[in-house]
Amino acid sequence: MIACLRLFTALCLAALLAACASSPSSSLGELPRTPDASIEQLLEQAGQSKDPEKASLLRLSAADLAYHQGNAGQSAQILQLVPLEQLKPAPQVFASTLAAELAMTRNQPKAALTALSHPSLQHLGELPVEQQVRTGTVHARALEADGQTLAAARERIFIAPMLSGEAASKNHEAIWILIASLPTDQLQPTTSDDLGGWMGLALAVKTAGTLEQQQAAIDNWRAQNPKHPAAIQLPLPLTKLKELASQSLSKIALLLPQDGPLASVGKALREGFMAAHYQAQQAGQKPPAIEFYDSSKLTSMDEFYRKAQADGVQLVVGPLEKPLVKQLSARPQLPITTLALNYSEGEQGPPQLFQFGLAAEDEAREVSRRARADGLHRAAIMVPKGEWGDRVLRAFSQDWQANGGTIIATERVDQPVQLAQQIADMFQLRQSEGRAKSLQSTVGSQVAAQPSRRQDIEFIFLAATPQQAQQIKPTLNFQYAGDVPVYATSHVFSASGDVNQYNDMNGIRFCETPWLLDANDPLRKQVTAQWPQAAGSLGRLYAMGVDAYRLAPRLGQLKALPDSRIEGQSGSLGMTQNQRVVRQLPWAQFVNGQVQRLPDTAR
């Protein structure tokens, strides 16, 4: 009886070991498979095996099973028991792929790419298709997470012919998202292969202006590339564009306050909006009709929407008031697509709500981006005390640190009389003076010593009014920190033309709307001739009004084409997944009492 049991156990073990092999043994070795056994059974059999290679295959199967059961920690522990360098190439590829997948569960794309750089990967093309797809998929994910967008697209294009069904469809859509997110200057199709075709399609769509022009560009590309995968199956966002192009916009509601504390803001937005409308008419376009509604007289948003629907409105631009925007963002649905001219606090609103405004947070993130592009790593921060300063500080800090930057010191500016002390504290000048006094008492005689500042601050991020900046920059000069670059939001720029004020801020770099930096823009010339105040700081609101008009018919387009942009008067406009319009801005610098535009950097 015992002999029979032993024989039965031996047969089971043989069957289990045989199940681990996916192909006959060769110089490449065997790929492990997950047999019909538990993790514990696999590990037990591995411990009992006298064949090191079979034991490693069993442990790889156990690690893989743990990974697929969602237990990444256990999988990683088991994988550490496998001597990678003692394996043949096929199981080395399998182990490296699993290591990469585990690294991605920890959000460590660089570790995943390191695992996939193992020499055994040169044999990947000799392995079964299933393994090539699995390795290629995690490689594409790691490259994308590491910011190597084009390389990720190449990897997905490579595995595309090996896929079928839902996996093929998902990969197809992922290729388009990657290619569409590339900047236009990287979309240079130099080859006639599938990658070149994808690039050509993205370039055609991005360089076309209106929805109708985009649709014509897509149709033309498909006619020239009938056998390309994207011509056979148009990516879903481009199918949506086709639907959008057939929906013409004939009436817009402009919902702005005409009375109350926001009346002057509403007036500037309305005049900018209508200036863009008249420009479209002059250009021979057939723009939609504009219906005006006064948000300061509103008693109920429901009542407004009922009236707008009865008036035949297809799109609402507004409201401006933050409480009203907050109210809309809390609703599950809106009866009419709405472009609010402010931002709610919450992240996600109803699908019909888009949000656009001159958010200081956008500018804080723009400072972070520009400083990184200029090769800087260590920042000090000066923001006003209060809720606004806290928001700007939070936006800059999150973006700066998420991208590897370091924050050395932070000061909240309030009373001007404290400025000198705050800047001295920031640069540790008092410690320097203390060291000089200590040395003087030690040697017993006068020591000629100029205070020295700390050297680890590479630049200052400044969010301040022109009046505050006028005091801060000379104080920096006085406190031996005049050579530290200052990067500021647009709030330092009054656009007053006051040379004395600009002289006090010499050297400060700041981001600003294209409207205020390009006095020769034809539309700006027309508007400032009629409304001179549009050339000053109110010009930002005129620019926002212009952009609200230009955004109105293209909201669906921005949503359908991830990372596409509209070059507007308030900045380069893109859209987040939460349907918030965000801005990137050009840069200028105060130089000898004048404002000089700085060259753009790669985004």
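Colleague: At roughly what angle do the axes of helix α10 and helix α11 cross?
Modeller: In this predicted model, helix α10 spans residues 194–207 and helix α11 spans residues 211–224. Their axes come within 8 Å of each other, and the angle at which they cross is roughly 155°. Because angles over 145 degrees count as roughly antiparallel, α10 is described as roughly antiparallel to α11, the crossing angle being roughly 155°.

Colleague: How many nonpolar, polar and charged residues make up the contact of α10 with α11?
Modeller: From α10, Gly-197, Gly-200, Leu-201, Ala-204 and Val-205 take part, and they meet Gln-214, Ala-217, Ile-218 and Trp-221 of α11. Glycine is counted here among the polar residues. The contact of α10 with α11 therefore divides into six nonpolar, three polar and no charged residues.

Colleague: Which strands stand at the edges of the five-stranded open sheet?
Modeller: The order of this sheet is β2-β1-β3-β4-β5, and its strands pair in parallel. A strand at the edge has a single partner, so one of its sides is left without a neighbour in the sheet. That is the situation of residues 289–294 and of residues 353–355, which are β2 and β5.

Colleague: Which residue of β2 stands opposite Lys-251?
Modeller: Strand β1, residues 251–256, runs parallel to β2 and is joined to β2 by six bridges. Within this pairing, the residue of β2 that stands opposite Lys-251 is Ala-289.

Colleague: What angle does the direction of helix α14 make with that of β1?
Modeller: The twist of the five-stranded sheet averages 20° from one strand to the next. Helix α14, residues 263–282, packs on this sheet and touches β1, β2 and β3. The direction of α14 makes an angle with that of β1 of about 160°.

Colleague: What handedness does the crossing of α17 and α18 have?
Modeller: The axes of helix α17 (residues 360–373) and helix α18 (residues 387–402) come within 8 Å and cross at roughly 35°. The contact includes Ala-364, Val-367 and Ala-371 of α17, together with Trp-388, Val-392 and Phe-396 of α18, and its residues divide into nine nonpolar, one polar and six charged. The crossing of these two helices is right-handed.

Colleague: Is Glu-363 buried or exposed?
Modeller: Glu-363 is found in helix α17. Leaving aside neighbours within four places in sequence, Glu-363 is in contact with Thr-489, Ser-490, His-491, Cys-511, Arg-583 and Leu-585. The relative accessible area of Glu-363 is 4%, and because a value under 20% is the criterion for burial, Glu-363 counts as buried.

Colleague: Which are the edge strands of the seven-stranded open sheet?
Modeller: The seven strands follow the order β7-β6-β8-β9-β10-β14-β15, and the pairing is mixed. Neighbouring strands of this sheet are turned by 25° against each other on average, with direction ignored. The strands that pair on one side only, and that form the edges, are β7 and β15.

Colleague: Which strands of this sheet does helix α21 touch?
Modeller: Helix α21, residues 466–478, packs on the sheet, and its direction makes about 165° with that of β8. The strands touched by α21 are β6, β7, β8 and β9.

Colleague: Which residue of β14 stands opposite Arg-509?
Modeller: β10 and β14 pair in the antiparallel sense over three bridges. β14 also pairs with β15, again in the antiparallel sense, over four bridges, and in that pairing Gln-589 stands opposite Gln-596. In the pairing of β10 with β14, the residue opposite Arg-509 is likewise Gln-589.

Colleague: Which residue in the turn between β14 and β15 has a positive phi?
Modeller: Strand β14 covers residues 587–591 and strand β15 covers residues 594–597. They form a hairpin with two residues between them, and the turn residue with a positive phi, about 50°, is Asn-592.

Colleague: How far apart in space are Ile-508 and Ala-588, C-alpha to C-alpha?
Modeller: Ile-508 is found in the loop between α22 and β10, and is buried, with a relative accessible area of 1%. The residues that Ile-508 touches include Leu-462, Val-486, Ala-588 and Phe-590. Although Ile-508 and Ala-588 are 80 residues apart in sequence, their C-alpha separation in space is 8.6 Å.

Notes
Residues are numbered from 1 along each chain as its sequence is written. This is a predicted model: local features need pLDDT of at least 70, side-chain atom pairs count only at pLDDT 80 or more; totals for chains, interfaces and linings use all residues. Side-chain values use heavy atoms; hydrogens and water are left out. Axes are lines fitted to C-alpha atoms, for helices over the stretch in contact, and angles run from 0 to 180 degrees between N-to-C directions. Angles under 35 degrees count as roughly parallel, over 145 as roughly antiparallel, 65 to 115 as roughly perpendicular and the rest as oblique. Contact means heavy atoms within 4.5 Å. Two strands pair if DSSP finds at least two bridges between them. Buried means under 20% relative accessible area, exposed over 50%, partly exposed in between (1.4 Å probe, protein chains only). A crossing is left-handed if the near helix is turned anticlockwise from the far one by less than a right angle, and right-handed if clockwise.
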